[in-house]
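Let's take a friendly walk through a protein model, starting with the whole and moving on to some of its parts. Keep the 3D view open as you read.

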Amino acid sequence: MSVLMRDEAQARAQFLDVQRYTIDLDLTVGEESFDSRTVIRFTALADGDTFVELKPATLRAISLDGHPLDPADLTENRFPLTGLTAGPHELHVDAAMRYSRTGEGMHRFTDPTDNETYVYTQLFMEDVQRVFAAFDQPDLKSVFDLTVTAPEGWTVLGNGIGRHTGDRRWTLAPTPPISTYLVAVAAGPWHSVTTEHAGLPFGIHCRRSLAPHLDADADEILDITRACFDRFHEKFDEPYPFDSYDQAFVPEFNAGAMENPGLVTFRDEFIYRSAVTDTERQTRGMVIAHEMAHMWFGDLVTLAWWDDIWLNESFAEYMGYQTLAEATRFTDTWVDFGVARKGWGYDADQRPSTHPVAPDPAAVPDTASAMLNFDGISYAKGASALRQLVAWLGEKDFLAGINTHFARHKFGNATLADFIDNLASATDRDVHAWADQWLRTTGVDTLTPHVTEADTTWSLTVDHHGTRPHRITVGTYDHTIDTQSGPDRLVLRDRFDISVPHDDSAQDGPTTRPGRRPALVVLNDNDLTYTKIRLDPESWNTVLDGLSGIPDALTRAVVWNAARDMVRDGELAPATYLEAARTHLPHETDLALLQGVLAFADTQIAARYVTPEDRPAALATLTALNRDLIRRTEDGTHPGLRLIAVRHLIDAATQPDTIHGWLTDGTVPGGPELDPELRWRIFTRLAVLGATDETAIATELAADPSATGQEGAARCRAALPTPEAKAAAWQAMFTDDSLSNYLFTATAQGFWQPEQTDLLTPYVPRYYPDATALAVRRGPAIAEAAGRYAFPAYAIDADSLHRGEQALTDQGLIPALRRKLTDQIDDLRRALTVRNAH
């Protein structure tokens with residue numbers, strides 16, 4: 001396949017003006033392919049040549065201005081259009097297109113629960129070419145007019161309001177000018193809940209087998225949708241720019257969600273069929289708010305080229321958290337961002353694959369390289385940068401600049417330069433200099449406090465390792481007398497703002513405050529900037545005794561992140577982190593914080609940062625911690641906290657008796673009862689421990705034959721500690737190519753287990769050649785999954801590192817796999833460094 005080069009796109013944008021696509025899709029012709037007929041009306045602005053993109057199963061016919069062209073001229077994904085004269089043209093394309101099982105293009109899914117079939121599009125970056133012919137680049141916006149033929153009993157959803165016109169035909173209202181990658185269709189026997197808000201039709205949709213679960217949460221989902229919609233209209237001068245707002249929860253979706261105008265698609269794990277915590281509900285709410293923010297930033301105003309993807313994602317990430325906090329009951333969203341999301345950015349920014357939030361255009365020469373920038377930098381770091389910008393600029397001026405941006409570029413395209421110019425128009429501050437320091441640089445700064453004390457005052461100096469200016473809040477805390485048992489309690493003495501210049505030479509000197517030195521000094525106390533922080537020695541001693549006694553959850557998140565970063569940087573022993581968790585998490589009240597710390601302790605410390613010899617002790621610590629949490633919640637007052645503890649106790653189990661007993665009884669003593677998620681979690685751990693077998697897995701699958709059950713069974717079968725199970729899983733992943741994207745991921749998740757090192761050792765050298773060949777055959781989505789989930793993450797030794805480094809020299813790696821391997825191998829290198837440091 002030929003990837004689109006930036007210079008090609010720029011030349012084509014200057015050569016063409018595209019007015020309208022008329023697309024006719026027929027979804028009734030079979031299970032392997034669908035028919036796609038496209039008419040593109042465009043104007044050539046000069047005489048010359050260009051090309052149109054498509055990836056058909058069969059190109060049946062193509063004509064330009066009524067003159068037939070030879071379908072054999074299609075080369076890879078490009079059809080040449082030569083000898084064009086200046087003026088209007090009309091291109092007709094008739095093709096058969098393949099359905100996808102990898103979440104790319106038109107994905108087809110048959111629900112094993114009821115045998116109903118659903119299809120939906122995911123056209124991001126280059127995948128529109130799998131559905132219809134297009135001039136496929138974001139700055140050739142056009143009107144899209146779609147008609148769809150679907151099986152009887154199906155409903156067809158799209159960017160505009162759909163109307164059933166009889167004889168299985170659906171007509172979707174023409175769109176305003178949008179980019180090719182934002183066109184969307186979702187068709188099937190959907191279960192729908194519809195309403196109206198602000199004069200527009202709103203709807204939420206899922207497959208029929210999930211109908212009871214959608215109905216149970218419909219009020220919550222729609223309430224959040226309405227609240228965010230209204231809040232965005234308070235923030236933005238431009239009204240919502242499309243004719244309806246549908247949200248479809250679709251199966252086997254590769255991303256969390258996709259911001260198609262008028263038809264947002266979400267992974268349908270957000271329709272909860274098992275118990276979840278309030279933090280998980282908050283995450284769903286954040287994704288709803290994030291995707292709605294895209295209606296303005298991304299859809300109304302779209303990037304001109306993919307180097308500015310952060311303009312879409314950073315803005316939506318920031319607005320998602322901020323607007324959810326302002327408009328709904330989820331007022332502590334930034335705690336979850338700090339402890340669960342921000343580390344994604346910090347980790348990505350310290351790898352060899354790091355890049356600026358706004359990379360140099362030369363670094364994104366084509367679509368393949370652009371796809372690699374959808375990472376923690378474009379999302380979490382970019383959102384953190386915007387949060388710091390708002391703290392520095394003020395929200396009033398920030399929103400004024402944003403509204404200028406919308407007004408100047410609505411239904412068009414914009415660049416970073418446009419965005420910065422529009423922000424600058426609303427303030428006297430030097431936004432251009434800020435952008436250079438924050439958006440054009442890489443790496444994570446580190447701020448370290450130095451505290452001194454005189455007779456009646458204390459002073460703070462900040463050592464700045466980095467290149468960016470920071471506006472931060474410093475929090476100071478004192479011990480308080482508290483007769484209750486447990487860790488020391490702390491009370492806020494003071495919060496004050498300081499500016500940390502971009503380098504140490506520009507600092508004015510220490511900040512002096514009255515009184516004795518506080519027991520605890522926390523830099524970036526309200527987490528308004530993007531930097532690692534350290535604690536002075538006395539503050540660190542206070543934290544070890546009193547972390548859970550810090551009164552504000554966001555401050556606790558900042559401190560826990562500091563401890564996390566110290567572990568990753570080799571400055572804090574993993575065992576010390578675990579002991580801090582053992583001491584303080586039994587007293588933690590914030591669910592996002594509890595979940596974030598436990599996740600790091602489980603998936604990084606116990607699984608990777610301690611040696612195999614020390615893993616049993618780490619798991620024992622986690623087990624004791626989770627048992628403490630379960631005992632604390634016996635009165636039923638903290639069901640979310642109890643659910644988190646039960647999940648993590650299952651994952652840390654080293655003996656099967658307790659969790660097998662829960663499975664037999666169908667409940668944890670004192671609750672909760674085992675729902676499908678908990679049952680499959682227990683089965684997976686029993687499989688790892690060799691305490692279940694194929695017969696038991698098959699029996700459980702018969703009781704839960706849903707898509708999630710199929711994934712659970714695949715995960716369990718791959719986790720069984722037998723040579724036969726491992727061979728079968730490897731064959732399924734890397735040879736027969738029959739697994740869908742979700743079943744591939746589930747199999748990969750089960751395969752590598754720290755407890756099975758001897759059994760898995762022969763597969764480590766097989767991974768790199770097999771993954772390389774798989775990526776070439778099955779494409780970027782499976783390549784990403786193979787790099788993320790099928791990588792031998794628990795083979796942490798010098799030999800594995802050497803194999804990985806050698807694999808990166810292979811010129812046959814496709815970009816998606818190369819990026820994932822680069823990150824995984826760097827994480828492997830870091831894990832070895834952490835182990836060797838302690």
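The report below begins with the overall build and then turns to individual strands, sheets and a helix.

## The whole protein

What you see is a predicted model. The protein holds 27 helices and 28 strands. Its radius of gyration is 27 Å, close to the 28 Å that the globule rule gives for 838 residues, so the protein is as compact as a globular protein of that length. If you draw a box around the C-alpha atoms along the principal axes, the box comes to roughly 90 × 70 × 55 Å.

How much of the protein is buried? Of its 838 residues, 60% count as buried, meaning under 20% relative accessible area. Among contacts with a separation of 6 or more, 72% are between residues 24 or more positions apart.

## Surface and charge

The accessible surface adds up to about 30200 Å², and carbon and sulfur atoms account for 50% of that. The protein has 74 positive and 122 negative charges, and the mean positions of these two groups lie 2 Å apart.

## Strand β10, covered on both faces

Now find strand β10, residues 143–149. Seven of its seven residues are buried, so the strand is largely enclosed by the rest of the structure. In a regular strand the side chains alternate between the two faces of the sheet. In β10, Val143, Asp145, Thr147 and Thr149 point one way, while Phe144, Leu146 and Val148 point the other way.

Which strands pair with β10? Strand β1 (residues 16–26) runs parallel to β10 and is joined to it by seven bridges, with Asp26 opposite Thr149. Strand β13 (residues 169–172) pairs with β10 in the antiparallel sense over three bridges, and there Thr171 is the bridge partner of Thr147.

## Strand β14 and its partners

Strand β14 (residues 185–188) also has both faces covered: Val185 and Ala187 lie on one side, Ala186 and Gly188 on the other, and all are buried. Two bridges link β14 to strand β9 (residues 117–122), and these two run antiparallel. Strand β11 (residues 155–158) pairs with β14 in the antiparallel sense as well, over four bridges.

Ala186 is a good residue to click on. Tyr120 of β9 stands opposite Ala186, and Ala186 is also the bridge partner of Leu157.

## Two open sheets

Strands of a sheet pair through backbone hydrogen bonds, either parallel or antiparallel. One open sheet has five strands in the order β15-β16-β17-β19-β18, with mixed pairing. At its edges are β15 (191–197) and β18 (257–258), each pairing on one side only. Inside this sheet, β16 (residues 200–206) and β17 (residues 245–250) run parallel and share four bridges, and His205 stands opposite Ala248.

Another open sheet is made of four strands in the order β26-β23-β22-β28, again with mixed pairing. Its edges are β26 (511–514) and β28 (532–533); each has a single partner strand, so one side of each is left without a neighbour in the sheet. Two bridges connect β28 to β22 (residues 446–453), and the two strands run parallel. Here Thr446 faces its opposite residue, Lys532.

## Helix α7

Finally, look at helix α7, residues 377–393. Is this helix mostly enclosed or open? Of its 17 residues, 15 are buried, so α7 is largely enclosed by the rest of the structure. Just after the helix comes Gly394, which takes a positive phi of about 95 degrees.

Conventions: Residues are numbered from 1 along each chain as its sequence is written. This is a predicted model: local features need pLDDT of at least 70, side-chain atom pairs count only at pLDDT 80 or more; totals for chains, interfaces and linings use all residues. Side-chain values use heavy atoms; hydrogens and water are left out. Buried means under 20% relative accessible area, exposed over 50%, partly exposed in between (1.4 Å probe, protein chains only). Two strands pair if DSSP finds at least two bridges between them. The radius of gyration is taken over C-alpha atoms; the globule rule is 2.2 Å times the number of residues to the power 0.38. Contact means heavy atoms within 4.5 Å. Accessible areas come from the Shrake-Rupley method with a 1.4 Å probe; for residues, only the protein chains shown count as cover. Lys and Arg count as positive and Asp and Glu as negative; His and the chain ends are not counted. The place of a charge is taken as NZ of Lys, CZ of Arg, CG of Asp or CD of Glu.
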